[in-house]
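Colleague: Could you take me on a close look at one part of this model? I would like to follow a single strand and see what surrounds it.

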Amino acid sequence: MLVALLWTLASALTGAVASRAPAQLKNLTLTALVGKHGRSALECWAMAPELVESTATGTVGALSYGHIGMTGNSSYSLFTALSNAGLHNAPTAQYVMILTGSGELSFPSADPADPCLRGNYTVVAGDILIAVDTADVSSRGHNSVWQAGTSVLQMPFMGDTPNHVVLHEGGCHKPHM
Ligand SMILES: *[C@@H]1O[C@H](CO)[C@@H](O)[C@H](O)[C@H]1NC(C)=O
Ligand SMILES: *[C@@H]1O[C@H](CO)[C@@H](O)[C@H](O)[C@H]1NC(C)=O
Ligand SMILES: *[C@@H]1O[C@H](CO)[C@@H](O)[C@H](O)[C@H]1NC(C)=O
């Protein structure tokens with residue numbers, strides 16, 4: 001009897017949490033690799049406008065952001081072995097969608113003689129990264145180390161950077177959104 005009562009109470013509580021959670025998701029939040037004062041850094045962006053409940057066939061009821069924008073010729077890459085990319089810039093402003101695996105981003109200091117990389121941030125399957133630290137805004141870029149089995153889609157922006165509000169410096173806290 002007591003067990004049944006506790007069970008009912010527990011279900012009611014978790015049910016309440018589950019149904020309240022989506023209401024807190026107002027905007028899609030994405031981690032962005034940006035150029036700041038000539039150096040690569042991370043920011044957490046709230047994409048605008050807000051998420052809406054889809055009414056489109058096939059996604060009815062899903063939280064939806066219809067402003068990814070036009071993307072150019074896109075590419076798929078699979079890292080078959082552990083790969084250290086070395087310091088590099090985003091070749092072009094783009095989305096990097098992590099399909100499988102994971103990678104670790106790290107950043108050089110302002111001193112070109114300092115070989116240490118810091119600010120390590122891990123991206124995992126399911127993350128959408130915005131990479132806009134192109135050579136014109138970041139002199140040394142960032143480093144990425146990809147685990148074997150990681151696959152990514154690179155989708156260059158055709159238009160402007162999508163509208164967003166910077167929530168804070170550094171990558172978004174996990175879990176996203
Ligand atoms: C969410 O997007 C709206 C624009 O639709 C914007 O005004 C608002 O600041 C964003 N929310 C956050 C938390 O940044
Ligand atoms: C995309 O690829 C096609 C086929 O290779 C090419 O003709 C076209 O110019 C490319 N578009 C852009 C924007 O690079
Ligand atoms: C951060 O990443 C760099 C480059 O991959 C690596 O050399 C360093 O050991 C990492 N630091 C930490 C604290 O994981």
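Modeller: Happy to; what follows is a walk along β1, its partners, the core it feeds and the ligand shell beside its partner strand. Please keep in mind that this is a predicted model.

Let us start with the strand itself. β1 spans residues 29-36, and 6 of its 8 residues are buried, so the strand is mostly covered. One partner is β2, residues 39-47; β1 and β2 run antiparallel and are joined by 8 bridges. If you want a pair to find on screen, look for Thr29, whose bridge partner in β2 is Ala46. Another partner is β10, residues 128-131, which pairs with β1 in the parallel sense over 3 bridges. There, Thr31 of β1 stands opposite Leu129 in β10.

Now follow the chain from β1 into β2. The two strands form a hairpin with 2 residues between them. His37 lies in that loop and has a positive phi of about 50°, although it is not a glycine. Is His37 buried or exposed? With 9 C-beta neighbours inside 10 Å, His37 counts as exposed, because the cut-off for that class is 12 or fewer.

Back to the covered part of the strand. The largest nonpolar core has 17 residues, and those with the most contacts inside it are Leu30, Ala32, Leu33, Ile130, Ala131 and Val132. β1, β2 and β10 each supply at least two residues of this core, and β1 gives the most, with 4 residues. Val132 is a good place to centre your view: leaving aside residues up to four places away in sequence, Val132 touches Ala32, Leu33 and Val34, as well as Ala90, Ala93 and Thr161.

Finally, go to the other end of β2. Ala46, the bridge partner of Thr29, is also one of the residues around ligand 1. The others in this shell are Lys26, Asn27, Ala48, Pro49, Glu50 and Val165. By class, the shell around ligand 1 divides into 4 nonpolar, 1 polar and 2 charged residues. Two of its members deserve a second glance: the peptide bond from Ala48 to Pro49 is cis, with omega near 0°. Pro49 itself is found in the loop between β2 and β3, the latter covering residues 52-53.

Conventions
Residues are numbered from 1 along each chain as its sequence is written. Chains are lettered from A and ligands numbered from 1 in the order in which they are written. This is a predicted model: local features need pLDDT of at least 70, side-chain atom pairs count only at pLDDT 80 or more; totals for chains, interfaces and linings use all residues. A residue is near a molecule or strand if its C-beta atom, placed from the backbone, lies within 6 Å of it. Ala, Val, Leu, Ile, Met, Phe, Trp, Tyr, Cys and Pro count as nonpolar, Asp, Glu, Lys and Arg as charged, and the others, Gly among them, as polar. A residue is buried if 20 or more other C-beta atoms lie within 10 Å of its own, exposed if 12 or fewer, and partly exposed in between; C-beta atoms are placed from the backbone. A nonpolar core is a set of buried Ala, Val, Leu, Ile, Met, Phe, Trp, Tyr and Cys residues joined through C-beta atoms within 7 Å. Two residues are in contact if their C-beta atoms, placed from the backbone, lie within 7 Å. Two strands pair if DSSP finds at least two bridges between them.
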